[in-house]
Amino acid sequence: PVSAVSVAPSSAYAATADTKGYLKIWALDHPDHRAKYETIGLTGPIRDVDWDGESKRICVTGERAPTDQSGACSKVLQWDTGNSLGNLGLHFKGRASSCSMKPNRPYCLVTAGTDDSKLLLHSGPPFQKVAVQDGIPHETAHTKGAVQCVRYSHSGSLVASVGTDRTLCLYDGKTLELLSKSETIHAATIYS
């Protein structure tokens, strides 16, 4: 079953991911909507997919297979070749729930943890985890449970995250510095 879909900013392609870890790129500008590329994105289910602003790179995030203790739970791939573009930070138990790529340069991406309540900031390409210095990037704004969704604003200046702690956090888009935190804004988990 398909577990995530994302249309490229160019509107020429769509990426779909499934519960077995497969990633497919579809041509939306062709009448038959043919599959342009297919690869194994992760060894376990993919939970979220996002494109960069140039429609060249794709971030996938989800889970590694239980038998794959050293596998990634998030990757950045060149869409047409499947080449990996860096090593992303790992979330606890190899489980991540969401990802978002900054739509403009300098490129950054944020991944959200399922079990560790953390956000990890990566810069690139090639993408690498940004080390925490003096509490920035602010990885631990959510207090418990999963960070269910993370998204960059259209301008790339802000990042928003929501989770099971019923909290909405807003961050600076380049540094992931926490700008505001609104707690208990919903009666239950916020998924998106």
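Where in the chain is the place of S11? In this predicted model, S11 sits in the loop that runs between β1 and β2. Its phi angle is near 65°, a positive value in a residue that is not glycine. That makes S11 a good place to begin, since most residues other than glycine have a negative phi, and most peptide bonds are trans. With a relative accessibility of 47%, S11 counts as partly exposed, because the partly exposed class runs from 20% to 50%.

A second residue invites the same kind of look. D134 also has a positive phi, of about 55°, although D134 is not a glycine. D134 belongs to the loop between β12 and β13. Its relative accessible area is 83%, and D134 is therefore exposed, the cut-off for that class being over 50%.

I136 lies in the loop between β12 and β13 as well. Here the relative accessible area is 31%, so I136 is partly exposed. Once neighbours within four places in sequence are set aside, the contacts of I136 are A131, T175 and E177. I136 and D115 are 21 residues apart along the chain, and their C-alpha atoms are separated by 21 Å.

The peptide bonds offer something to look at too. G124 and P125 are joined by a cis peptide bond, with omega at about 0°. A cis bond also joins P125 to P126, where omega is about -15°. P125 lies in the loop between β11 (119-123) and β12 (127-129), and P126 has its place in the loop between β11 and β12. Readers following the backbone on screen can thus find both cis bonds by going to P125, which is joined in this way to G124 and to P126.

Attention now turns to the strands and to residues that are shielded from solvent. V60 is in strand β6, which covers residues 57-62. Its relative accessibility is 0%, so V60 counts as buried, the limit for that class being under 20%. Not counting residues up to four places away in sequence, V60 touches L23, G41, L42, I46, D48, V49, C73, S74, K75 and C99. A131 is 71 residues from V60 in sequence, and the two are 21 Å apart in space, C-alpha to C-alpha.

S161 provides another example, this time in strand β14, which spans residues 158-163. Is S161 buried or exposed? Because its relative accessibility is 1%, S161 counts as buried. The side chain of S161 has polar partners: a polar contact of 2.7 Å joins it to the side chain of H142, and another, of 3.2 Å, is made with the side chain of Y171. H142 and Y171 also appear among the residues in contact with S161 when neighbours within four places in sequence are left aside. The rest of that list consists of L119, V147, C149, V150, T167, L168 and C169.

How many aromatic pairs does the count come to? The count gives one aromatic pair. Y13 and W79 form this pair, which is tilted, with 4.5 Å from centre to centre and 40° between the planes. The pair links distant parts of the chain, 66 residues apart: Y13 lies in strand β2 (residues 13-18), and W79 lies in the loop between β7 (74-78) and β8 (86-87). Both Y13 and W79 are buried.

Finally, the model can be viewed through its pockets. The largest pocket has a volume of about 290 Å³. Its lining is made up of 16 residues, and those nearest its centre are D50, M101, P103, Y152 and H154. Four strands each supply at least two residues of this lining: β1 (2-7), β5 (46-51), β9 (96-101) and β13 (147-152). Which strand gives the most to the lining of the largest pocket? That strand is β5, with four residues. Sorted by class, the lining of the largest pocket holds seven nonpolar, five polar and four charged residues.

Key. Residues numbered from 1 in each chain as written. Predicted model: local features only at pLDDT ≥ 70, side-chain atom pairs only at ≥ 80, totals over all residues. Heavy atoms only, no water. 1 Å grid on protein atoms, 1.4 Å probe; cavity = no way out; pocket = protein on both sides within 12 Å on 5 of 7 lines; lining within 4 Å. Points joined across faces, edges and corners; volume = space filled by probe spheres on them. Nonpolar A, V, L, I, M, F, W, Y, C, P; charged D, E, K, R; others polar. Buried < 20%, exposed > 50% of the residue type's maximum accessible area, 1.4 Å probe, protein only. Polar contact = N/O pair within 3.5 Å; in protein donor to acceptor, adjacent residues only side chain to side chain. Contact = heavy atoms within 4.5 Å. Phe/Tyr/Trp six-rings, centres within 6.5 Å; stacked < 30°, edge-to-face > 60°.
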